[in-house]
Amino acid sequence: MRYLLTFWICLTLIGGYCFAVSAQEAAQLATQEAAAKKKKEFEDFSKVTEDSKSYQGFFRLYEKKENLYCEIQPSQLDKPFLCMMSLSRGLGRGYLISGMTLNEWLLVWKRVGDRVHLVRKNVRFRADKGTPTGQAVDYSYSDSVLFSLKIESIHPQRRSLLVNIAPVFMSDLPPLASSIGGGARFDKTRSTWGTIKGFPKNVELRVKAVYAANSSMDTVPDSRGIQLTLHYSLSQLPSNNYQPRLADDRLGHFMTVVKDYSLLTSDAPYVRYINRWHLEKADKKAELSPPKDPIIFYIEKTVPHRFRPYIRQGILEWNKAFEKAGFVDAIEARIQQDYEDWDPEDARYNTIRWVVDAGFAIGPSRVNPLTGQILDADILISDGFIRSWQREYTTYFEELDHEHDHPIDDASRFQCQMASGLARQMGFMASVLQARGVLGEDGELPEEFIGQALKSLTMHEVGHTLGLRHNFKASTIHSLDDLNKKSDEALLGSVMEYDAVNIAPEGKKQGDYYTTTIGPWDYWVVEYAYKSIGGSSPEAELPELQKIAARVATPGLTYGTDGDASAYQSRDLDPLVNRWDLGSDPLDFAKQRREIVVELWDKIADKVTKEGMGYQRVRRAFGSLLGEHGYSMYLASRYIGGQYHHRDHRGDENGRLPFVPVPAAKQREALEFIKAHALSDKAFDFPPDLLNSLAITRWSDWGSSSGSSTRLDYPVHSAILNHQNRILGRLLHPNVLSRVQDTELKFPNGEDAFTLPELFSGITDAVWTELDRNVGEKQWSNTDAFISSFRRALQREHLKRLIKLVLDADSGTPEDARSLARHHLGQINSQIQGVLQNAQGRLDDYSLAHLEESQVRVTKALDASFQVQKR
Ligand SMILES: [Zn+2]
């Protein structure tokens, strides 16, 4: 309407002069009129932005009601910029947790007529420009046009274009709907803008997004209105003389990977650049020089004063590695002063932030997806890791269970579970210290312990922001004994490990709880990434880089990462690559941990509570101990069918072949350990008073609640069975069975091998020991049963698994394993038959019923398998 009115006034004015002018003038006026009409295709800039709230930054933004107008400068058209998407507030389930980075895209504005297209650049494929291959790549892999936005106005002087970007961000941009599940869809009408901030190099947008789903979800009160806060960070790409550096698979850097079709001669046309900061020596000729621009980390003013020194030490520790790579003071740690009010989201500042009660620490960074240059990093540490050990204990198995079905080989630089694991370690440590009488009545952990844990966590997260991946093999460089003899020395090959807390056996000298300094692997990977080589192109640097990488077989540089430790389909074949272990021999660690657990098992009821206290601490400590016990069995199970894995290249100094099977004697030792302590019921002979002390919290309010627990008492049978079942599942997994059989061929001639029959017999013997006993030796009763309740449950599970192998084996199971399972079912059946015949009324009801039922199930399964085979 306003547009028409303006036009009408315009015509009237022109009309007023019309009769007095010549034909030529009339023609001129007509042209001007046409121009005015043309100009009016766009609304006045000031009109559109009138009454809006404006934000000055990398893009100038105008917020007006539900609209957000973005002013695109002419110089910003056709120029890629970075868009990072993360969840400020998640759902607390799956990967939709607060702080997670979701995606990182390269976007570009393109003017097409009277519209502006928002295009997502294809960064994965490329070829030399101007060549036929380059053209072919352009044709084959196009960019994606995400949105076409109407130009609302053009600034009369700046010539900048004004577009409404609300449709872009008020949408399922990341996209999340499928991750939420339950048929969720983005609801534009209920979603609103959160905070909007502008900075010289970036703008930060928050959207309080509402999704509507059909099915209910346990972490959301009503799934018809799921609230998430999405954070979008739009930032400038740098223009400098950064030279990408080629990656090497012997070391562990995060990478930026592109497929380059110009590289016809290569095995695979992929170019892999490591992610790293742009560091240049101030004095190019000096052996040791400060960088032109150091990497500055700001410790945000919200970090409690008490913890700042540890965080500062954790940041600066990395300078030792940079010095070896030729840089002095490469990293600075500054503390944001109380009067400084810059925003931590400003891309010009790398920050360590302290967030309350979220239970995580992450170290995301912004990276140029074309070159791998790291542009900015912000580390979030939650105070939750220091406090959450006091809560109900969660076990490692939740992570392992999730992982079993989800590959994490490409674990991104955004995923780090260090802090949550650290919280569990603290829970365990607190139980140990309480039981040993070291911890005060208030349950506060020693300052030294918290300081070392926080420094270690900071070194780890800063390591990620420097471009380093996890190294889960790094804890194997020293023996357990040696760890307690060291002081202020590296306990690990790398701080990029998830290391278990170092606990000395009772009565022995306690060394550092956590490593206090970076390890040899950290020096090595920093040298590779940051040493000034001065080649004229990435390829020209290769000879020098190869020399560094060829040191891979040097002791201390051992490496295995997320994909190597992933429980996905039991593919984790190297038993030395573990999260949350310590020492050169994880089986030794497992044994020592089990001993500590057993040492505490009987003491905790008395030691962790004092007069006047509730019993909840006992339950927490018990859960913590049971979790450690189960994990130590899992560590041992990884030796079965295990192979040590090396990344050496042919010709590396002291180079090794990629696979070395775990010696048969070691596999046997691991199986014996599991038989004695996971499959035997002696391990779980808890005093009744302990089981009767395992109380759940009786508060029922928003501060604490027994919540989703279906039982107030402790579900002891199902907890033990869960642990045992995981071990059985691991030992009989198709991949493990196949590996055991395959490794039989990998031992040198004449060397002893660990075989599938040995594995099957070992398990059957351990699970069914009662069948060898003399059932007639006494009269059994229901409270003193021939086969205990733990054992009956375990035997049922074992039968289930053998029957599944015979009737419905998972794909990939070796045929020999099926035959062996059938053989063992037959053997168990005849032994049961023998026991039932000899029992002569002396069996208790439980054992009798259990054995009769087992017999029926085995007989039916064997018959069915015969039928299946006949067909
Ligand atoms: Zn990590």
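**Exercise 1.** In which loop does Pro175 lie? Describe the peptide bond that leads to Pro175.

*Solution.* The model is predicted, with local features needing pLDDT of at least 70, side-chain atom pairs counting only at pLDDT 80 or more, and totals for chains, interfaces and linings using all residues. Residues are numbered from 1 along each chain as its sequence is written, and side-chain values use heavy atoms, with hydrogens and water left out.

Step 1. Pro175 lies in the loop between helix 5 (166–169) and helix 6 (177–180). Helices here are DSSP runs of H or I with at least four residues, strands are runs of E with at least two, and both are numbered from the N terminus.

Step 2. The bond from Pro174 to Pro175 is cis, and its omega is near -20°. Most peptide bonds are trans.

**Exercise 2.** Place Arg159 and Gln569, and state the phi and the accessibility of each.

*Solution.* Step 1. Arg159 is in the loop between strand 8 (144–154) and strand 9 (161–164), while Gln569 is in the loop between helix 16 (562–565) and helix 17 (586–601).

Step 2. Phi is near 60° for Arg159 and about 55° for Gln569. Most residues other than glycine have a negative phi.

Step 3. Arg159 has 48% relative accessibility, so Arg159 counts as partly exposed. Gln569, at 32%, is also partly exposed. (Buried means under 20% relative accessible area, exposed over 50%, and partly exposed in between, with a 1.4 Å probe and protein chains only.)

**Exercise 3.** Is Thr517 buried or exposed, and which residue's side chain does its side chain meet in a polar contact?

*Solution.* Step 1. Thr517 is in the loop between helix 13 (480–483) and helix 14 (520–530). Its relative accessibility is 9%, so Thr517 counts as buried.

Step 2. The side chain of Thr517 makes a polar contact with the side chain of Glu317 at 2.5 Å. Such a contact is a pair of N or O atoms within 3.5 Å; within protein, one must be able to donate a hydrogen and the other to accept it, and residues adjacent in sequence count only if both atoms are side-chain atoms.

Step 3. Leaving aside neighbours within four places in sequence, residues in contact with Thr517 (heavy atoms within 4.5 Å) include Glu317, Lys320, Met459 and Asp488.
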